[in-house]
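Trainee: I am new to this structure and should like to go through it by question and answer. May we begin?

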Amino acid sequence: MLILGILPETTFRAAAALSPAAAAPTSRYWKGNLHTHTLWSDGDDFPEMVADWYKAHGYHFLALSDHNLIQEGEKWVRLPPASDKKASLSSYRMKFGAGWVETREVGTNTEVRLKTLGEIRKLLEERGKFLMIPASEITSNYKVWPVHVNATNLRYPIPASTGTNVLDTMQRSVDAVLFQRRTTGQAMIPHINHPNFGWSITAEDLADLRGEKFFEVYNGHPEVHNEGDGTRVGTERMWDIILALRLSKQPGMPTYGLAVDDSHRYHQFSPSESNPGRGWIMVRSPRLQAEDLIAGLERGDFYSTTGVELLDVHREKRSLRVRIKQEAGVTYTIRFIGTPKSFDRNSTPIVPKDGRPYATTRRYSPEVGKTLREVEGTSATYEFKGDEMYVRALVISSKLKENGHSKTETERAWTQPLIALP
Ligand SMILES: [Zn+2]
Ligand SMILES: [Zn+2]
């Protein structure tokens, strides 16, 4: 039942957190990944093996976002032959003990019961050290175009639905998450997954989306075209186009960029596999609790990274300062990127060589997502001059990303855009 007028404390806190004011001094950064798959859907390892990988690699929080479900109820899986370098009973038993693992024989096959999120949380969570957040990737499509929307800190799963076009399909999933948030009072957020997967989601769609603030600027899956393809824009440029269009149409409404793994493969590691450890977020909040992390995310008090560690991102009303944790022998370029309020609003459609039109992000003026200042070093500040709609910082490291999704990828970090207030 929808109860209007009675909003829980967490909702107020999230709303109050929209101001760019600095977080409480006791706040710190927590490391986490919001996009992960397990044997509950199309990942190739047991959920607690996956969670254990993240915990052992210094993550503080993890959302297992299997497709169209939360890990509850009874589910049994049949294991592939041991030679497949896939999940194996022996490594599973070795990690958690034979008493933990539940099997049954069906004909000549052995099946294993997947543990529920509740069981895994009891096993692996540690207060102030490791938190698991219920999540799901609402996996839909419009015709041939995939439309995937993550939902973080859900109370119950949301069925996928299809709308009248890509934007409407996306909006339905976003609205379903916001409806659940409103009716349960539990802090939760939708985010748009890999917009260039299947070349399905355009910057214009994302700018027009209502009630949603997050998209994946970096997704570690090797098939999601973060970089674009020469004709179609990459997610980095897409972000600036979204911000320029959205802030023109929905003043004050940001779009924040997330780095995530979208990990599926946990047994063979190479750039062509969707492995864990590629992209993550560092969220500033006083406590390692879902509602605090979500409040931090909603006020843009986080950064996304593929390896660069930031000591601080300081956001004043009209200045953005970045301080990097220096790694020996590594150099850094800090690039401040923004779009002027007076940017040229004209755009042209992309028409490929074969003349066959397709829906893709249009071409915009180079004023959109312009480099405003570039500094070599480990700290830099950008002071607003007056005409900026927003400014964000991209940090490019000279260090090659270990097992990145491409072999030439160097480590990066992205701060969230600081929006100029009227
Ligand atoms: Zn997806
Ligand atoms: Zn996914």
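The dialogue below takes up the domains, a sheet, the core and some loop residues.

Trainee: What kind of model is this, and how are residues and chains labelled?

Mentor: This is a predicted model, in which local features need pLDDT of at least 70 and side-chain atom pairs count only at pLDDT 80 or more, while totals for chains, interfaces and linings use all residues. Residues are numbered from 1 along each chain as its sequence is written, and chains are lettered from A and ligands numbered from 1 in the order in which they are written.

Trainee: How many residues does domain 2 bring to its contact with domain 1?

Mentor: An automatic or database assignment sets the domain bounds: domain 1 covers 9–75 + 117–419, and domain 2 covers 76–113. Their centres, taken over C-alpha atoms, are separated by 34 Å. Two residues are in contact if their C-beta atoms, placed from the backbone, lie within 7 Å. By that rule domain 1 brings 11 residues, and the number from domain 2 is nine.

Trainee: Why do strand 3 and strand 4 each have one side without a neighbour in the sheet?

Mentor: Strands are DSSP runs of E with at least two residues, and helices are runs of H or I with at least four, numbered from the N terminus; two strands pair if DSSP finds at least two bridges between them. The open sheet of three strands has the order 3-5-4, with antiparallel pairing. Strand 4 is joined to strand 5 (residues 109–113) by four bridges, and E105 stands opposite T110 in strand 5. Strand 3 (76–78) and strand 4 (103–106) stand at the edges, so each has a single partner strand.

Trainee: Which helix gives the most residues to the largest nonpolar core?

Mentor: Such a core is a set of buried Ala, Val, Leu, Ile, Met, Phe, Trp, Tyr and Cys residues joined through C-beta atoms within 7 Å. A residue is buried if 20 or more other C-beta atoms lie within 10 Å of its own, exposed if 12 or fewer, and partly exposed in between. The largest core has 101 residues, of which M170, I242, L258 and V395 touch the most other members. With eight residues, the greatest contribution is that of helix 7 (residues 235–249).

Trainee: Which residue is the bridge partner of T305 in strand 21?

Mentor: Five of the six residues of strand 21 (residues 410–415) are buried. This strand runs antiparallel to strand 20 (residues 388–400), with four bridges, and I396 stands opposite R412. Three bridges also join strand 21 to strand 12 (residues 302–305), again antiparallel. There, T305 has as its partner A413.

Trainee: Is D261 buried or exposed?

Mentor: D261 lies in the loop between strand 10 (256–260) and strand 11 (280–285). Beyond four places in sequence, its contacts include N33, H35, G220 and R278. Because 24 other C-beta atoms lie within 10 Å, D261 is buried.

Trainee: Two loop residues have a positive phi. Which term describes the exposure of H225?

Mentor: Most residues other than glycine have a negative phi. N153, with a phi of about 70 degrees, lies between strand 7 (145–152) and helix 5 (166–184) and is buried, with 21 other C-beta atoms within 10 Å. H225, whose phi is near 55 degrees, is in the loop between strand 9 (214–219) and helix 7. Because it has 19 other C-beta atoms within 10 Å, H225 is partly exposed.
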